[in-house]
Amino acid sequence: KKILNEKLGIKKTGVPFVIGRQQKNVDKILNEKFKKDKNVFFAENCFFKKIEKKNEIMIENLNSNFVLGYAILNTLLDVVDGKKFLKLCDYFKMVGRFDVRKVSTDYGKCEVVFDIAHTPKSIENLIKKIKEKYSEKKFIFVVSIMKDKEILPILRQISKIASNVIFTNANTVRGLSTEKLFELFLKYSSKNILVKKIASPLMAFDFAVKNMK
């Protein structure tokens with residue numbers, strides 16, 4: 001509740017405020033708090049089942065972020081071109097979210113996946129996508145984690161799929177040290193995985209690339 005109230009500091013009186021999909025307990029608090037506020041719109045309540053007759057767009061097929069985006073656009077513009085919106089969703093790509101790039105190695109061009117996953121759930125989704133796209137491959141992970149994250153569940157997820165792990169530190173103030181990540185991984189991972197620690201992110205990345213086949 002404390003964090004929720006801090007987040008709600010962004011709300012301004014009389015200004016339209018759109019709320020996306022939430023966990024049930026959070027959704028309950030928000031509904032009770034804003035049930036009489038005409039300037040607050042719940043994305044899924046207002047637009048989840050909406051069909052634009054002109055474009056026949058059914059947004060229940062979209063993920064929660066796109067539903068929220070659609071709801072915000074409807075609130076701001078009143079009319080949204082559904083076909084254009086769906087086309088945008090189909091081709092949408094965010095830097096650092098399953099961001100696949102080709103890099104040159106001693107063995108030719110290889111693919112690297114950059115991802116900013118930082119919760120056990122987002123790591124789980126990342127691993128699922130990796131397995132689907134590269135079912136026959138072995139994986140080298142270059143990992144840096146901030147101190148305030150759920151570190152052990154994240155490391156356990158990585159240990160399920162990695163053949164090599166290189167721990168580094170992308171933020172010397174907020175990041176957990178390479179030494180600590182290394183120790184925790186060795187202590188709690190259950191597989192025989194090659195593990196290394198390289199404090200410099202660029203050097204860690206270069207080491208990983210040189211070892212890619």
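A quick definition before we start: a residue counts as buried if its relative accessible area is under 20%, as exposed if that area is over 50%, and as partly exposed in between. Keep in mind, too, that this is a predicted model.

With that in hand, take a look at strand β7. One of its faces is covered, and Phe139, Phe141 and Val143 sit there. The other face is uncovered and carries Ile140 and Val142. If you're wondering about the every-other-residue pattern, in a regular strand the side chains alternate between the two faces of the sheet.

So where does β7 belong? It's part of an open sheet of 3 strands, with the order β7-β8-β9 and parallel pairing. Which strands stand at the edges? Those are β7 (139–143) and β9 (194–197). Each has a single partner strand, so one side of each is left without a neighbour in the sheet. On average, neighbouring strands here are turned by 15 degrees against each other, ignoring direction. Zoom in on the pairing of β7 with β8 (residues 162–167) and you'll find 5 bridges joining these parallel strands. Valine 143, for instance, stands opposite phenylalanine 167 in β8.

Now for the helices around this sheet. Helix α7 (residues 151–159) lies across β7 and β8, and runs at about 140 degrees to β8. Then there's helix α8 (residues 178–188), whose buried residues are Thr178, Leu181, Phe182, Leu184 and Phe185. What do those buried residues pack against? Their neighbours are β7, α7, β8 and β9.

Let's step back along the chain to another pair of strands. Strand β5 (residues 99–105) and strand β6 (residues 108–114) pair too, but in the antiparallel sense, over 7 bridges. Just 2 residues lie between β5 and β6, and the two strands form a hairpin. To find your way around the pairing, start at lysine 102: its bridge partner in β6 is glutamate 111. Both kinds of pairing have something in common: strands of a sheet pair through backbone hydrogen bonds, either parallel or antiparallel.

The loop between α5 and β5 holds a residue worth a stop, phenylalanine 98. Its phi is positive, about 45 degrees, although phenylalanine 98 is not a glycine. Is phenylalanine 98 buried or exposed? With a relative accessible area of 15%, phenylalanine 98 is buried.

There's a second residue of this kind, and it comes right after helix α4. First, the helix itself: α4 (residues 64–77) has 14 residues and reaches 20 Å from its first C-alpha to its last, close to the 20 Å expected at 1.5 Å a residue. Its buried residues are Phe66, Val67, Tyr70, Ala71 and Asn74. Seen down the axis of α4, these fall within an arc of 140 degrees, so they line one face of the helix. The spacing makes sense: an α-helix has 3.6 residues a turn, so residues three or four places apart point the same way. Turned away from the buried side is a face that carries the exposed residues Asn65 and Leu76.

After α4 comes aspartate 78, in the loop between α4 and α5 (82–91). Aspartate 78 isn't a glycine either, yet it has a positive phi of about 75 degrees. As for its surroundings, aspartate 78 counts as exposed because its relative accessibility is 58%.

Two more residues round out the tour. Serine 122 is in helix α6 (residues 120–133), and counts as buried at 16% relative accessibility. Leaving aside residues up to four places away in sequence, serine 122 touches Arg97 and Ala117. A polar atom of its side chain also lies 3.1 Å from the backbone nitrogen of histidine 118.

Finally, glutamate 44 lies in helix α3 (residues 43–47). Its relative accessible area is 23%, so glutamate 44 is partly exposed. How far apart are the C-alpha atoms of glutamate 44 and valine 113? These residues are 69 residues apart along the chain, and their C-alpha atoms are separated by 32 Å.

Technical notes
Residues are numbered from 1 along each chain as its sequence is written. This is a predicted model: local features need pLDDT of at least 70, side-chain atom pairs count only at pLDDT 80 or more; totals for chains, interfaces and linings use all residues. Side-chain values use heavy atoms; hydrogens and water are left out. Helices (H or I, at least four residues) and strands (E, at least two) are DSSP runs, numbered from the N terminus. Buried means under 20% relative accessible area, exposed over 50%, partly exposed in between (1.4 Å probe, protein chains only). A polar contact is a pair of N or O atoms within 3.5 Å; within protein, one must be able to donate a hydrogen and the other to accept it, and residues adjacent in sequence count only if both atoms are side-chain atoms. Contact means heavy atoms within 4.5 Å. The expected span of a helix is 1.5 Å times one less than its number of residues. The arc is that of the directions from the helix axis to the C-beta atoms. Two strands pair if DSSP finds at least two bridges between them. Axes are lines fitted to C-alpha atoms, for helices over the stretch in contact, and angles run from 0 to 180 degrees between N-to-C directions.
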